[in-house]
Amino acid sequence: MTDQHHDVVVVGGGNAGISLAARLVRDGCRDVALVDPNETHHYRPLLSYVAGGMARLEDLRRPQGDVVPEGVRWYRDRVVAVDPERSAVRLAGGEELTCADLAVCPGSEVDWDAIPGSRAATTTPHAATSYLPDQAVRTWSMLAGLREGRAVFAIADRHVPCAPVGLKPLFLAADHWRRTGVLDRIGVDLLLEGDALAPQEQADRLLREAAAGLGVRVRTGVRLESVDPGARTLRTTAGGAPEDVPYDALYLAPPHRAPSWVAASGLASDDSEGFLAVDPTTLQHVRHPRVWGLGDVATVDALPSGGALRKQVPVVADNIRARRTGRPMRRYSGYSVAPVTTSRRHLLLGEFDRAGRPEPTLRVPDLVRPRRSLLLFDRYLEPQVYWHRLLKGKVS
Ligand SMILES: Cc1cc2nc3c(=O)[nH]c(=O)nc-3n(C[C@H](O)[C@H](O)[C@H](O)COP(=O)(O)OP(=O)(O)OC[C@H]3O[C@@H](n4cnc5c(N)ncnc54)[C@H](O)[C@@H]3O)c2cc1C
């Protein structure tokens, strides 16, 4: 097998990798390669609507071949190791690719090991997550089928992609139960590992109000330790105190981890928990100047989200050129988003920087106020923006 050299190699063809490859080509880079084993591309934000009974899996899937930008060489293979000193990647098929600059964006994966019993629980009809496509469908059948009992929504704060959207299935289900007249027979508990429903103060307050309006009991600082699927019970701790919580339906937004080869390749750091250690503003690797990181795998000190990639992609594309020409680098503010449905008709959009300060794209109107138009945008228009603009590198 012949080993290949490219100007830029992009590892991962998800939201980050495809948008970056397209942006590099638009900027005139003639030799971009992309590595991704998957034949199907997912627009993952719609998974929350699948889990809430407002979308189908077919709505969010496209053949990967349709989204790989023209002019980009696609290797349908999996990266198993990186040699950052040589900017080289090794593929599962045995091939090695070298490059002038390497962008690493393989996303993150569900860390079932972090919560013993959680994976087994999701093989029963009583527990599911929207964070995996096959389970998103089951989430809605579980929630829609509940007529009485206790529904528990547990949202971790360990690297969950766009964690506040874990609230979408809750609000969509609770509104459904209200409309179908069974809400007063269902106890709804929201167990948040973090201390807020969204990183921005106004969004957090409005979401708490919406939850209170639907009778949802909200508890923060609750860590899910384990699940006993047989007894349908969660073991939690809050402030160090253990508590057993029974459930009839359990929704999980589970902790995520970086692929193990990231740390094994020397791309993590002592305090990055196995994630790719980049400068959170320039997105350049902290030790290897020709390695770049973006998306869910990178330590950008901000909520990982697709919205964040609108800002990260141009930063990486421009900074690759800046490194080569010696120009000053662009900086990423930590911008991220939390689009959360508050009912089956309304959605609020939080936009903030890494300190949780508002960073709205539009000053007027106030998009943090729940609106019907925002839900329609998020469910129907945003996917079109994704396929036709973001994945085409049309981000600035
Ligand atoms: C249920 C859910 C709902 C969400 N809702 C929203 C939302 O409403 N708004 C929002 O802004 N964000 C949302 N997000 C977050 C958003 O989808 C992610 O932040 C975004 O997809 C991250 O892009 P990424 O390219 O880093 O990772 P991914 O999109 O996960 O892509 C990673 C890619 O890398 C590939 N890959 C993995 N390992 C390897 C390897 N070893 N070699 C080669 N390729 C590899 C994978 O096949 C995949 O194609 C949501 C996420 C989920 C899961």
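## Two domains and a bent helix

Across the interface of domain 1 and domain 2, the rule finds zero salt bridges. Keep in mind as you read that this is a predicted model.

What, then, do the two domains share in polar contact? The count between domain 1 and domain 2 is two residue pairs, both at pLDDT 80 or more. On the side of domain 1 that touches domain 2, the largest share comes from helix H2 (residues 46-51), which gives five residues.

Let us step back to see how the protein is laid out. An assignment divides the protein into domain 1, made of 4-108 + 258-334 + 388-392, and domain 2, made of 111-255. In their contact, 19 residues belong to domain 1 and 18 residues belong to domain 2. The C-alpha centres of the two domains are 30 Å apart.

How much area do domain 1 and domain 2 bury between them? The figure is about 1,500 Å², and 70% of it is on carbon and sulfur atoms. Of the area that domain 1 buries against domain 2, Ser48, Ala51 and Leu303 supply 32%, more than any other three residues.

Now follow helix H9, which covers residues 306-325. At 1.5 Å a residue, its 20 residues should span 28 Å, and the end C-alpha atoms are 29 Å apart, so the two values agree. Here are some places to find along H9 and at its ends:

| Residue | Feature and value |
|---|---|
| Serine 305 | caps the N-terminal end of H9; side-chain oxygen 3.4 Å from the backbone nitrogen of glycine 307 |
| Glutamine 312 | H9 bends here by about 30° |
| Glycine 326 | follows H9; positive phi, near 80° |

Look just past the bend as well: proline 314 follows glutamine 312 within four residues. As a guide for tracing any such element, an α-helix has 3.6 residues a turn, so residues three or four places apart point the same way.

Technical notes: Residues numbered from 1 in each chain as written. Heavy atoms only, no water. Helix = DSSP H or I, 4+ residues; strand = E, 2+ residues; numbered from the N terminus. Expected span 1.5 Å × (residues − 1). Bend = angle between axes of the 7 residues up to and from the residue. Polar contact = N/O pair within 3.5 Å; in protein donor to acceptor, adjacent residues only side chain to side chain. Domains from an automatic or database assignment. Contact = heavy atoms within 4.5 Å. Buried area = accessible area lost by both parts, 1.4 Å probe. Salt bridge = Lys/Arg side-chain N within 4 Å of Asp/Glu carboxyl O.
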